[in-house]
Amino acid sequence: MQTPFDKISIKPCFRQLIINQLLWVILCIALTIAYFMTSFIFHGILLFLAMVVAAYLFYQIISLSRIEYIVTGEQIIYLHGVVVHQTDYMELYRVVDYQQHRSLLQQLTGLKTITIMSGDRNLPNLDIIGVEEEEEVVQEIRLRVEYNKQMKHIHEITNRM
């Protein structure tokens, strides 16, 4: 089925890494400073710990850079993983709700997280992290969801009073 929508590719902003790993970044910097400022008997341990934390942060950088969300006319495709690269699919006609939220650090850095809730068993909730604050992703996805529900003749019945 051909839809009138173009693909949208969303990648998390690098500032999201700083938000997610702020304590590890501070620890790595503190260990490195302590290594150069001290000369006690366990001097090598500080260097080893700083290297372990730096390796962990490097892995997190690679992991974040491998995340991509592709919104097509019919699906949201979630690509992620470093060693094992996974692809998860969410059919747009199954989407039931949306949520945008911003932690304090996301507010300070101009980012947000969008949660898409669906009736899909394998991917009931999808968090699209590190989205720029001014991007209107929810509205664009909502248009595509409504289009797909109309094309498939899916109507929501609610039990509200």
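Residues are called buried under 20% relative accessible area, exposed over 50%, and partly exposed in between. The structure on display is a predicted model, and the tour below proceeds from its surface to its interior and then to its charged pairs.

**Stop 1: the nonpolar surface patch**

Select L104 first, in helix α4. Because its relative accessibility is 60%, L104 counts as exposed. Add L108, which is also placed in helix α4; at 65% relative accessibility, L108 likewise counts as exposed. Now extend the selection to F14, I18, L22, L23, I26, I61 and L105, which together with L104 and L108 form a nonpolar patch on the surface. The accessible area of these residues together is about 870 Å². Two elements, α2 (22-37) and α4 (104-109), each give two or more residues to the patch. In soluble globular proteins, nonpolar side chains tend to be buried together; the residues of this patch, by contrast, lie on the surface.

Before leaving L108, draw a distance to L31. The two C-alpha atoms are separated by 26 Å, and the residues are 77 apart along the chain.

**Stop 2: the nonpolar cores**

Hide the surface and select Y69, I76, I116, L126, I128 and I141. These are the residues with the most contacts inside the largest nonpolar core, which has 23 residues. The elements that each supply two or more residues to this core are the strands β2 (68-71), β3 (75-80), β5 (95-101), β6 (111-118) and β7 (125-132), together with helix α5 (137-151). Apart from this core lies another, of six residues, with C28, L31, L46 and A50 among them.

Centre the view on I128. Which residues does I128 touch, leaving aside those up to four places away in sequence? The contacts are with I10, Y69, K112, T113, I114, I116 and I141. Of these, Y69, I116 and I141 are also listed with I128 among the residues with the most contacts inside the core.

**Stop 3: R144 in helix α5**

Next select R144, which is located in helix α5. Is this arginine buried or exposed? R144 counts as buried, because its relative accessibility is 2%. Display its surroundings: not counting residues up to four places away in sequence, R144 touches F5, D6, I8, V71, T72, G73 and L92. With V71 there is a polar contact to inspect, in which the backbone oxygen of V71 lies 3.2 Å from a polar atom of the R144 side chain.

Add E140 to the view. The side chains of R144 and E140 meet in a salt bridge, at 3.1 Å from N to O. The two residues are separated by about one helical turn, because they are four residues apart in helix α5. Unlike buried R144, E140 is partly exposed, with a relative accessible area of 26%.

**Stop 4: R102 and its loop**

Move to R102, in the loop between β5 and α4. At 30% relative accessibility, R102 counts as partly exposed. Its contacts, not counting residues up to four places away in sequence, are Q107, G110, L111, K112 and E133. Two of them merit closer inspection. The side chain of R102 reaches the backbone oxygen of L111 at 2.9 Å. With E133, R102 forms a salt bridge whose closest N and O atoms are 3.3 Å apart. This pair links distant parts of the chain, since E133 belongs to the loop between β7 and α5 and is 31 residues from R102. E133 is partly exposed, with a relative accessible area of 37%. A further distance to draw runs from R102 to I129: their C-alpha atoms are 9.9 Å apart, and the residues are 27 apart in sequence.

**Stop 5: the pair E132 and R15**

How many salt bridges does a search of the whole structure find? The search finds three. The one still to be visited joins E132 and R15, with the closest N and O atoms 2.8 Å apart. E132 is in strand β7 and R15 is in helix α1 (residues 15-20), so the pair links parts of the chain 117 residues apart. Both residues are partly exposed: E132 has a relative accessible area of 22%, and R15 has one of 32%. Side chains of opposite charge can pair when their charged atoms come close.

**Stop 6: H153**

Finish at H153, in the segment after α5. H153 is not a glycine, yet its phi is positive, at about 55°. H153 is exposed, because its relative accessible area is 64%.

Methods: Residues are numbered from 1 along each chain as its sequence is written. This is a predicted model: local features need pLDDT of at least 70, side-chain atom pairs count only at pLDDT 80 or more; totals for chains, interfaces and linings use all residues. Side-chain values use heavy atoms; hydrogens and water are left out. Patches are made of residues with over 30% relative accessible area and no salt bridge: like charges are joined within 9 Å, nonpolar side chains (Val, Leu, Ile, Met, Phe, Trp, Tyr) within 5 Å. Accessible areas come from the Shrake-Rupley method with a 1.4 Å probe; for residues, only the protein chains shown count as cover. A salt bridge is a side-chain nitrogen of Lys or Arg within 4 Å of a carboxyl oxygen of Asp or Glu. Buried means under 20% relative accessible area, exposed over 50%, partly exposed in between (1.4 Å probe, protein chains only). A nonpolar core is a set of buried Ala, Val, Leu, Ile, Met, Phe, Trp, Tyr and Cys residues joined through side-chain atoms within 4.5 Å. Contact means heavy atoms within 4.5 Å. A polar contact is a pair of N or O atoms within 3.5 Å; within protein, one must be able to donate a hydrogen and the other to accept it, and residues adjacent in sequence count only if both atoms are side-chain atoms.
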